[in-house]
Number of protein chains: 2
Amino acid sequence: MRCEVLAIGTELLLGQIVDTNSAWLGEQLALIGVDCHYQTKVGDNLGRIVSSLEQALDRSEAVIVCGGLGPTQDDITREAIAEVMGVELVRDEEVLGRIRAMFESRGRAMAGNNARQADVPVGATVIEQRRGTAPGLVCPVGEKVVYAVPGVPYEMEEMFERAIGPDLRERMGVRATIVSRVLRTWGDAESTLAERVGHRLEALDASGNPTLAFLASGIEGIKIRITAKAEDAEQAWKLVDAEEAELRAVLGPLVFGVDDETMEHAVLQLLQQRDWTLAVAESVTGGLVGSRLTAPAGAGDVFRGGLVSYASDVKFRLLDVPEGPVVSEEAAAAMATGVRRLVGADVGLAVTGVAGPTEQDGQPVGTVIFGLDIDGAVETHRTRLPGDRDRVRQFACISLLNLLRLRLLEWSPAGSTP
Amino acid sequence: MRCEVLAIGTELLLGQIVDTNSAWLGEQLALIGVDCHYQTKVGDNLGRIVSSLEQALDRSEAVIVCGGLGPTQDDITREAIAEVMGVELVRDEEVLGRIRAMFESRGRAMAGNNARQADVPVGATVIEQRRGTAPGLVCPVGEKVVYAVPGVPYEMEEMFERAIGPDLRERMGVRATIVSRVLRTWGDAESTLAERVGHRLEALDASGNPTLAFLASGIEGIKIRITAKAEDAEQAWKLVDAEEAELRAVLGPLVFGVDDETMEHAVLQLLQQRDWTLAVAESVTGGLVGSRLTAPAGAGDVFRGGLVSYASDVKFRLLDVPEGPVVSEEAAAAMATGVRRLVGADVGLAVTGVAGPTEQDGQPVGTVIFGLDIDGAVETHRTRLPGDRDRVRQFACISLLNLLRLRLLEWSPAGSTP
């Protein structure tokens, strides 16, 4: 089964918006075993949309058209599909009623041109709109099919998951359920990771189910996606669970989270389990560590606050850092202890370093020193991070969080509790 | 003149990487007056690359191919172009020498497969590689042309600006120089902004040179791009300068920067001009304000540090916030004054609020209160920001920076100087 993606909109061609929908759809199609050989962007031009659609239907069994379903005159995806189907557009009263009701529920009157969004090619079926005003469409063209979805990612994704994915799988005659889970790792390069789980890759190559895929995600580490097929969801999740256990047995603490769990989630959760609070002293990162730790809702149960001690004298005066070079182990240790005392927390975390563009205190760009004080047990770590100013700061932030995570994992709850 | 973009790479179709190159190229092509009607993504498959190339050449006078110029066996853009041209690939010794020299300059030996990057279709000319190992190619196909560039944005952009843009303009017979400048605005909706400069849009519609374009950029505000054409760069910049003056006369302090200048650049620069230092107290933003202020190199001349007072008792104890509701004008004012005193700075900035998902102190999600203390002159501002937790935090951060910017612009340097 082949399915192409056609993204509609002159603003995409002009670079005013980056088309992320095609990438998202490509990933979803691969996940359910559909080949996507071409993805095309075309502007709001009837002739060009029609010819792109016809060509895609020549090459593939299905096409997903994104965008051009809005209420204005330049939204002509409905017209283009009707032309390819060789049918008329008919206004669907039920759809119209839902659009009108959606406006009323927001206390607004429906503008006249919104009625166009209720136009449906004869023979097409509607994918009910649950997040916006435009419905999606399933449009048969001979044995083939064109799906139309809005260009708003939030609306498009919901329609794909609810209607298009299942429809494609039914057309493929797939009765199996496919599920997947992402293990998020930090600390190993992709090649090292692949070596570590080499025996699993071999075993799964033989069985073909589940499958593993590696996804590099920059400073957020490397994701390993486990995808399993089975007759029902329960069986499929069992396969995923079993493979996750196999991988975790090898990867251990390299895995910091699952699916959408971020590094800060992991750290906050570990602290909460121990009923510990956290304070952070930041120099080179300027507040990045705090901003990440407070991104999840509920961070306030654990994170009490921090000091951004950017100027050296602020470190000396408020954190009792000894006067001298501030990119040093001594400074990092004093910062961690100082902020723990200043803010009042079980754990103090600190980072000092040189983000560039020029060296500082005789230390080259990329030099970063971490400090950690858990109930008075103090340690420091020096590292040299690659990249430009922004990258050094980002890497320093996530490296510091990962360091704390590893210490919390090692810390025996039965041992000395602060 | 029409030019299509063809992005090569199976990883693009699988959604492992989002293709941002096409959007960037689309914007650049529009800027020099070239129509881009189609942008296509295709995988690392010779037959499909060749047929996509042939189709693009059927429809347009030029094609830019991005990616597939790497050293590995799945990098087959060179082979595909040679097939479309109907010629052989020949190894270019000069290119090979440059690749080898690049490896040597990094203290590494060139791997054998890197030699493939020196293969050039007969009749093509090379675009010298200055940032990577793969050269670009200019490949004539009859009267038409195929350009090949690496998929790495940093390498691709440099080659477009240096070689492809000028080549396209020469083919169009355009002798004029085109230049553009972006004015960055914050505080007005796009429609309001368009109304304000309506008289300029009308005047320019009549003359056609320079032109204006509006680019919405989320929390970073709205950009207005001025593009001018003239016989030489000096004349073109004169037109841009004149139009910038016209726009600034109407927009005044809505304009916070030009081209790549961010809001934090603007704030840091205004403070530096007055020789003032800054301290920030953050609650709801958790460190975001500090992290933005320290993103530019040289921030340390102005930004001394900040306190992330996330827990209420940290506000009471370290910032002398009076005990009581912390999402209040009283708290914001005390935070600004408190952090100014604690860190030691001319200006104290503060933000407290409710990012959600649930209300706090009886204040609904989105409530944000800013505090500002300039040398003892204290003011507060309450606002209600839209969106989810992340958006409220981001909006609060840039709104606070903009508030400070406006105050600094109003502050009479001749008046009371701290």
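Student: Into which domains is chain A divided, and what makes these stretches domains?

Tutor: Chain A falls into domain 1 (3-171), domain 2 (177-258) and domain 3 (266-410), and they are called domains because their bounds come from an automatic or database domain assignment. The C-alpha centres of domain 1 of chain A and domain 3 of chain A are 48 Å apart. This is a predicted model, in which local features need pLDDT of at least 70, side-chain atom pairs count only at pLDDT 80 or more, and totals for chains, interfaces and linings use all residues. Residues are numbered from 1 along each chain as its sequence is written, while chains are lettered from A and ligands numbered from 1 in the order in which they are written.

Student: What relation holds between chain A and chain B, and how do you know that?

Tutor: With copies superposed by least squares on the C-alpha atoms of residues with pLDDT of at least 70 in both, chain A can be laid on chain B with an RMSD of 0.2 Å by a turn of 180° and a shift of 0.1 Å along the axis. That is the relation of a two-fold axis.

Student: How many residues does each chain bring to the contact, and through which surface do the copies meet?

Tutor: Where contact requires C-beta atoms, placed from the backbone, within 7 Å, chain A and chain B bring 49 residues each. The side of chain A that touches chain B takes at least two residues from each of α2 (21-31), β2 (38-42), α11 (288-293), β14 (303-309) and α14 (389-410), helices (H or I, at least four residues) and strands (E, at least two) being DSSP runs numbered from the N terminus. β14(A) gives the largest share of that side, seven residues. Since 100% of the interface residues of chain A are also interface residues in chain B, the copies meet through the same surface.

Student: What makes β2(A) and β2(B) a pair of strands?

Tutor: Strands pair if DSSP finds at least two bridges between them, and β2(A) is joined to β2(B) (residues 38-42) by five, running antiparallel. Within this pair, K41(A) stands opposite Q39(B).

Student: Which order do the strands of the 12-strand sheet follow, and why are some of them at the edges?

Tutor: The order of this open sheet is β6(A)-β7(A)-β8(A)-β3(A)-β1(A)-β2(A)-β2(B)-β1(B)-β3(B)-β8(B)-β7(B)-β6(B), with mixed pairing. β6 (125-127) of chain A and β6 (125-127) of chain B each have a single partner strand, so one side of each lacks a neighbour in the sheet and they stand at the edges. In chain B, the partner is β7(B) (residues 136-141), paired with β6(B) in the antiparallel sense over three bridges, and V138(B) is the bridge partner of T125(B).

Student: Why is the crossing of α10(B) and α14(B) called left-handed or right-handed?

Tutor: A crossing is left-handed if the near helix is turned anticlockwise from the far one by less than a right angle, and right-handed if clockwise; α10(B) passes α14(B) in a left-handed crossing. The axes of α10(B) (residues 263-274) and α14(B) (residues 389-410) come within 9 Å and cross at roughly 35°, axes being lines fitted to C-alpha atoms, for helices over the stretch in contact, with angles from 0 to 180 degrees between N-to-C directions. Among the residues that meet here are V267(B) and L270(B) in α10(B), and L401(B) and L408(B) in α14(B).

Technical notes
Contact = placed C-beta atoms within 7 Å.
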